[in-house]
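Subject: Structure for your review

Dear colleague,

Please find the structure below, together with its sequence. My notes on one part of the chain follow it.

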Amino acid sequence: MITRSTKRISLRALMIDDELGTATAEGRAVGALFQELQERGIEVVQATSAEDGHSAIVSDSAIHMFLIDWTLDGDEDHSRARGLIELVRSRNDKVAVFLIA
């Protein structure tokens, strides 16, 4: 007999934002998003700089989605965020990438 399981697959997200944990409006908004994802059963790994994000992307292959600050580290031409997106895409061209703006 075939039975259907309702076991949920554990999801893991990487949130890369330099405002995480700050008392700014952006920091509070990102914190609320972080909390909402956790309440929905998604494990969220945090990175607060492009360098930390790069290390997490390279070292953790079990990440199912990425949330990246478009103006990461105050970068007005978005080169840091683009570099991270290119790194993610070079490793997996199907994984979800969300930009935080």
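Asp60 sits in the loop that runs between α2 and β3 (65-69). Please bear in mind that the model is predicted. Asp60 has a relative accessible area of 17%, and because buried means under 20%, Asp60 counts as buried. A polar atom of the Asp60 side chain lies 3.0 Å from the backbone nitrogen of Ala62.

On one side of this loop in sequence is helix α2 (residues 50-59), whose axis comes within 10 Å of that of helix α3 (residues 79-91), with a crossing angle of roughly 0°. The two helices are therefore roughly parallel. Helix α2 contributes Ala50, Gly53, His54, Ile57 and Val58 to the contact, while α3 contributes Arg80, Leu84, Leu87, Val88 and Arg91. Sorted by class, the residues in this contact are 6 nonpolar, 2 polar and 2 charged.

The loop also borders β3, a mostly covered strand in which 5 of 5 residues are buried. Met65, Leu67 and Asp69 point one way from β3, whereas Phe66 and Ile68 point the other way. Such alternation of side chains between the two faces of the sheet is what a regular strand shows.

Strand β3 has two pairings to report. With strand β1 (residues 11-16), β3 pairs in the parallel sense over 4 bridges, and Met15 stands opposite Leu67 of β3. With strand β4 (residues 96-100), the pairing of β3 is also parallel, over 5 bridges; here Asp69 has Ile100 of β4 as its bridge partner.

Yours sincerely

Note on methods:
Residues are numbered from 1 along each chain as its sequence is written. This is a predicted model: local features need pLDDT of at least 70, side-chain atom pairs count only at pLDDT 80 or more; totals for chains, interfaces and linings use all residues. Side-chain values use heavy atoms; hydrogens and water are left out. Axes are lines fitted to C-alpha atoms, for helices over the stretch in contact, and angles run from 0 to 180 degrees between N-to-C directions. Angles under 35 degrees count as roughly parallel, over 145 as roughly antiparallel, 65 to 115 as roughly perpendicular and the rest as oblique. Contact means heavy atoms within 4.5 Å. Ala, Val, Leu, Ile, Met, Phe, Trp, Tyr, Cys and Pro count as nonpolar, Asp, Glu, Lys and Arg as charged, and the others, Gly among them, as polar. Buried means under 20% relative accessible area, exposed over 50%, partly exposed in between (1.4 Å probe, protein chains only). A polar contact is a pair of N or O atoms within 3.5 Å; within protein, one must be able to donate a hydrogen and the other to accept it, and residues adjacent in sequence count only if both atoms are side-chain atoms. Two strands pair if DSSP finds at least two bridges between them.
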